[in-house]
Structure formats: structure tokens, C-alpha cells
Amino acid sequence: DTTDPHLRDVNEGFFQFMINEHPENVLGLNPNGTVSKIKVGEGGDFQNLDALVYHLRYDMLHRLFRNRSGMRVIVGDELLVAENTALLGSPANNKATERVATGLILNGRNFGSTELVKSDEFPMRGVFVSELQNLSRYWQMDSYRRKVAEDDHGNKGIVDYSYVREDYVLEAVEGAACVHPDAIQLKNSDGQWVDAADVWKMPS
């Protein structure tokens with residue numbers, strides 16, 4: 001394939017679906033396609049993830065979806081680490097009883113009255129609010145193709161490629177809201193607001 005010689009994944013996922021089909025529910029995305037920075041943390045636009053997720057759910061979702069019990073939030077690892085580090089590093093956690101209470105909070109974590117779910121394949125600073133049943137993956141029957149190449153592209157050994165025509169779709173875009181993965185800034189150890197390292201872009 002001359003366009004994608006490495007046969008990499010070029011699918012548009014749920015974030016890109018929202019950017020394309022319902023940009024008004026993508027926090028940080030401007031009408032002209034640029035991205036405004038959103039500072040999350042003390043002194044920022046949102047003091048913490050609770051405030052950010054609450055805004056997504058109760059200010060941006062259509063009112064018919066806001067109070068559904070199945071609503072969930074997916075949060076990127078870098079945001080979770082920053083939030084949990086702040087909680088664990090609190091001086092109050094020096095007491096044994098407080099450490100136990102903190103452990104219970106982390107194990108049953110929710111943000112903005114929305115239950116947390118985790119994903120291994122998610123932007124490091126992504127935040128996505130939706131019912132899980134709203135997230136669909138479709139694939140075309142009989143579209144599966146496979147290529148096995150020996151020492152392909154300078155790699156030693158056998159390289160096994162798979163191809164299938166599939167699409168990621170939100171059944172009800174009004175029932176989802178997210179933050180553009182490039183929008184969120186966090187404070188570094190020097191107190192400076194910094195961007196995410198994994199820059200979001202359309203597949204090339």
C-alpha cells in the first residue's frame with residue numbers, strides 16, 4: 001500500500017468521531033479547528049477532575065442523558081496519576097485512618113458524580129463521558145485480509161499484518177461529551193503549565 005506502507009491502524013476512533021460530527025461537545029475545540037488550552041489543577045480553569053467531569057456531564061450533555069445511571073467517564077493515565085498523586089501526597093494522609101480512607105476512595109473512584117472506567121488505549125490526557133452502550137464498533141463482513149512478510153521494512157523475522165474494514169460510531173452524539181486530547185495542561189514540578197506529550201492528530 002503506497003499510502004500506508006506500514007499497514008498501520010488508520011481508523012478514526014471515538015474522539016475523532018466527536019470532532020467530526022459533534023464538535024460543540026468537544027471542550028477546548030474552537031469553531032475554526034484550533035484548540036484552546038484548559039488548565040486543570042489548583043489555580044487553573046478547573047480545580048480538579050471532579051469539576052471538569054461535572055461540567056462535561058451536566059453542562060454539555062443533552063439534558064435527556066445527564067442523569068442516566070449508566071453514564072461513565074474514561075480518563076487518561078496521566079490525568080489519573082496527577083489527581084491520585086495529589087490525593088496521596090496530602091499531609092492528612094500521614095494518619096493510618098486517613099490512608100485507609102484514601103485507599104477506599106481510589107478503589108471506588110468516580111469523578112463529578114460519574115463512575116470511572118479505564119482503557120489501555122486512550123490519550124494520556126483524554127476525558128470522555130458517555131454511556132458505554134453508546135460506543136459502537138462496526139466491521140464489514142468478509143473484509144478481513146492478512147499479509148505475512150519476512151524481514152519487512154528492515155525488521156528481522158516475520159511480520160504479520162491484519163486488515164479489516166471497521167468503524168467506531170457513537171449511536172447518540174448528544175449523549176457524549178469530551179475534552180480535546182491536546183487541550184488539557186497540567187502543572188509540572190516547577191509550577192509551569194505544560195501540554196501533553198502525546199499530540200493528537202488525524203492518521204496520515
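Reader: Which strands are included in what covers the buried residues of α1?
Author: In this predicted model, helix α1 spans residues 14-21, and its buried residues are Phe15, Gln16, Phe17, Met18 and Ile19. What covers these residues includes four elements, listed here with their residues: β1 (26-27), β6 (127-131), β10 (166-170) and β11 (177-179).

Reader: Which are the edge strands of the open sheet of 6 strands?
Author: The sheet has mixed pairing and the order β1-β11-β6-β3-β5-β4. An edge strand pairs on one side only. That holds for β1 and β4 (110-111).

Reader: Which residue in β5 stands opposite Phe111?
Author: Strand β4 covers 110-111, and 2 bridges join β4 to β5 (residues 114-117). The two strands run antiparallel. Opposite Phe111 in β5 stands Thr114.

Reader: At about what angle does helix α2 run to β6?
Author: Helix α2 is formed by residues 49-60. This helix lies across β1, β3 (71-75), β4, β5, β6 and β11. Its angle to β6 is about 45°.

Reader: Is Gln185 buried or exposed?
Author: Gln185 is found in strand β12 (residues 184-187). Leaving out residues up to four places away in sequence, Gln185 touches Lys37, Ile38, Lys39, Val40, Arg125, Trp193, Val194 and Asp195. Its relative accessible area is 10%, and the cut-off for a buried residue is under 20%. Gln185 is therefore buried.

Methods:
Residues numbered from 1 in each chain as written. Predicted model: local features only at pLDDT ≥ 70, side-chain atom pairs only at ≥ 80, totals over all residues. Heavy atoms only, no water. Buried < 20%, exposed > 50% of the residue type's maximum accessible area, 1.4 Å probe, protein only. Contact = heavy atoms within 4.5 Å. Pairing = 2+ DSSP bridges. Axes fitted to C-alpha atoms, helices over the stretch in contact; angles between N-to-C directions.
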